Amino acid sequence: MTSALVTAAQPVTTHGFLSSSGVEIAFLLVGLVTLGAAVVTVTTRQLVHAALWLVVALGGLAVEYLLLTAEFIAWVQVLIYVGSVVVLLLFGLMLTKAPIGRSPDANVPNRLPALGVAAAAAAALVWVVADAFRTTWIDLDGAPQGTTKVSGEILFRHWVLPFEALSVLLLAALVGAVVLSRLRNQQEQQEQGQQEEEQS
């Protein structure tokens, strides 16, 4: 009888989608801003603007990590992606002499099929993530889960190969930008030489 009364007196903790702390509301608002920046990144016709909007999208992800009490991952996101990857993209744009204004190459006629494929991929990704973490709850008031030790163990134990593959991919992109800029400079010099010969 006593145990039944004690059990009845204890409050039942239920997981709600939005709490009074406002962390979930801030998470949703920052997520909407990040999603909007990502959409503008892939839809704008100005390459420099796309790179700058990518900064906003990656910065929004860093804020999301902070809200999930993963401070180390948030600062890695800022230092590596916002500080390095975007700078690498801007250097690639400058080396290839990409147009500052609207790029005619960005006007792709197959936008509707691309939009359909993107929507299907996004729906599949959302379904997989929601199904995998449906019963997983993060205790924001408990011990931090994004510490350096935990993140380092997960990264270098399970994600070493994708991490190194991404590094090689970025290096290949930078080398490709340098090669393309040199080829374009050689073509321009040859055209100028032919014009000078024709004029003489």
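Start with the whole chain, coloured by burial: buried residues make up 12% of its 200 residues. Keep in mind that this is a predicted model. Switch to a surface view, and the accessible surface comes to about 15300 Å², with 68% of it belonging to carbon and sulfur atoms.

Now change to cartoon. The chain shows 7 helices and 0 strands, so-called α-α-α-α-α-α-α when read from the N terminus. If contacts are drawn between residues at least 6 apart in sequence, 72% of them join residues at least 24 apart.

Next, select residues 47-67, which form α3, and pick out Glu64 in that helix. Is Glu64 buried or exposed? Glu64 has a relative accessible area of 10% and is therefore buried, the cut-off being under 20%. Show its neighbours: leaving aside residues up to four places away in sequence, Glu64 touches Phe27, Val30 and Gly31. At Gly31, look at the backbone nitrogen, which the side chain of Glu64 reaches at 3.2 Å.

Keep α3 displayed and add α4 (71-95), α6 (148-158) and α7 (160-199); each of these four helices supplies at least two residues of the lining of the second largest pocket. That pocket has a volume of about 840 Å³. To centre the view on the pocket, select Ile73, Val76, Tyr81, Leu155 and Phe163, the closest to its centre of the 20 residues that line it.

Which helix gives the most to this lining? Select α4, which contributes 7 residues. Finally, colour the lining by class: 17 residues are nonpolar, 3 are polar and none is charged.

Technical notes. Residues are numbered from 1 along each chain as its sequence is written. This is a predicted model: local features need pLDDT of at least 70, side-chain atom pairs count only at pLDDT 80 or more; totals for chains, interfaces and linings use all residues. Side-chain values use heavy atoms; hydrogens and water are left out. On a 1 Å grid over the protein atoms alone, a cavity is a set of points where a 1.4 Å probe fits but cannot get out, and a pocket is an open set with protein on both sides within 12 Å along at least five of seven lines; lining residues have an atom within 4 Å of a point. Grid points are joined across faces, edges and corners, and a volume is the space filled by probe spheres set on the points. Ala, Val, Leu, Ile, Met, Phe, Trp, Tyr, Cys and Pro count as nonpolar, Asp, Glu, Lys and Arg as charged, and the others, Gly among them, as polar. Buried means under 20% relative accessible area, exposed over 50%, partly exposed in between (1.4 Å probe, protein chains only). A polar contact is a pair of N or O atoms within 3.5 Å; within protein, one must be able to donate a hydrogen and the other to accept it, and residues adjacent in sequence count only if both atoms are side-chain atoms. Contact means heavy atoms within 4.5 Å. Accessible areas come from the Shrake-Rupley method with a 1.4 Å probe; for residues, only the protein chains shown count as cover.
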